[in-house]
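Open the model in your viewer and keep the sequence panel in view. This tour moves from one selection to the next and says what is there.

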Amino acid sequence: MFGKLKGLFGGASGIWIAAPAAGRVMPLAQVPDPTFAQGILGKGAAIEPSEGRITAPADGTIDMMFDTGHAVSMTTAEGAELLIHVGIDTVQLKGQHYKACCKNGDTVKKGDLLIEFDPAAIRAAGYQTVTPVIVCNADRYAEVRTDAAGTVEAGDTLLTLIEK
């Protein structure tokens, strides 16, 4: 209802995507992987997590929980296609230090636990834990705006998607 009222009075309505982890926010351009930094997979932001938990950034459905537990893709109830990738090149760990807490097809609510991981063990193995949060269907939106800076808690607004 309030979204419709905002539209009547000229305010932009948006879809809010929460931070899936607590930590320090960084622009995608600073992610040390060109696939993410150049926006090849989509627009978004990244978080350097301060703890080993990834939660659902919105209500939706799990499209793919990677067998290795290092990444998850989901579609929000509003249709945003998200990829959360925990770490850089961490597929090489073959699931070590990760525990998937959901499976393909699960319906999740914002804040539900998706992945547990051991950041210290991942770093000790020589990998970074920077976690990109990508809107894979960003071309559907007029704007994908990062609304957070500095540090966030899981559940804080990270991105706002403005519909065309």
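## Stop 1: strand S2 and its two partners

Before selecting anything, note that this is a predicted model. Begin with residues 23-27, which form strand S2. Then add residues 43-49, strand S3. The two strands run antiparallel and are joined by 5 bridges. To see one of these pairings, pick Val25 and look across to S3, where its bridge partner is Ile47.

Now keep S2 selected and add residues 151-152, strand S13. S2 and S13 also run antiparallel, with 2 bridges between them. Which residue of S13 is the bridge partner of Gly23? Select Val152 to find that partner.

Strands of a sheet pair through backbone hydrogen bonds, in either a parallel or an antiparallel arrangement.

## Stop 2: an open sheet

Next, show strands S1, S14 and S12 together. They make an open sheet of 3 strands in the order S1-S14-S12, and the pairing is antiparallel. The edge strands are S1 (14-18) and S12 (141-146), each of which pairs on one side only. From one strand to the next, the twist averages 20°.

Zoom in on S12 and S14, the latter being residues 157-163. This antiparallel pair has 5 bridges. Select Glu143 and look for the residue opposite in S14, which is Ile162.

## Stop 3: Thr131

Select Thr131, which lies in strand S11 (residues 131-135). Is Thr131 buried or exposed? Its relative accessible area is 1%, and buried means under 20%, so Thr131 is buried.

Show the atoms around Thr131. A polar atom of its side chain lies 2.8 Å from the backbone oxygen of Thr129. Leaving aside neighbours within four places in sequence, Thr131 is in contact with residues including Ala45, Ala46, Ile47 and Pro49. Ile47 is the residue from the first stop, the bridge partner of Val25. Also among the contacts of Thr131 are Ile54, Ile84, His85, Val86 and Gly87.

## Stop 4: an aromatic pair

How many aromatic pairs does the model contain? The count comes to 1. Select Tyr98 and Phe117 to display the pair: their ring centres are 6.2 Å apart and their planes are at 25°, so the rings are stacked. The pair links distant parts of the chain, as Tyr98 is in strand S8 (residues 98-100) and Phe117 is in strand S10 (residues 113-117), 19 residues apart. Turn on the surface to finish: Tyr98 and Phe117 are both buried.

Terms used
Residues numbered from 1 in each chain as written. Predicted model: local features only at pLDDT ≥ 70, side-chain atom pairs only at ≥ 80, totals over all residues. Heavy atoms only, no water. Pairing = 2+ DSSP bridges. Helix = DSSP H or I, 4+ residues; strand = E, 2+ residues; numbered from the N terminus. Buried < 20%, exposed > 50% of the residue type's maximum accessible area, 1.4 Å probe, protein only. Polar contact = N/O pair within 3.5 Å; in protein donor to acceptor, adjacent residues only side chain to side chain. Contact = heavy atoms within 4.5 Å. Phe/Tyr/Trp six-rings, centres within 6.5 Å; stacked < 30°, edge-to-face > 60°. Axes fitted to C-alpha atoms, helices over the stretch in contact; angles between N-to-C directions.
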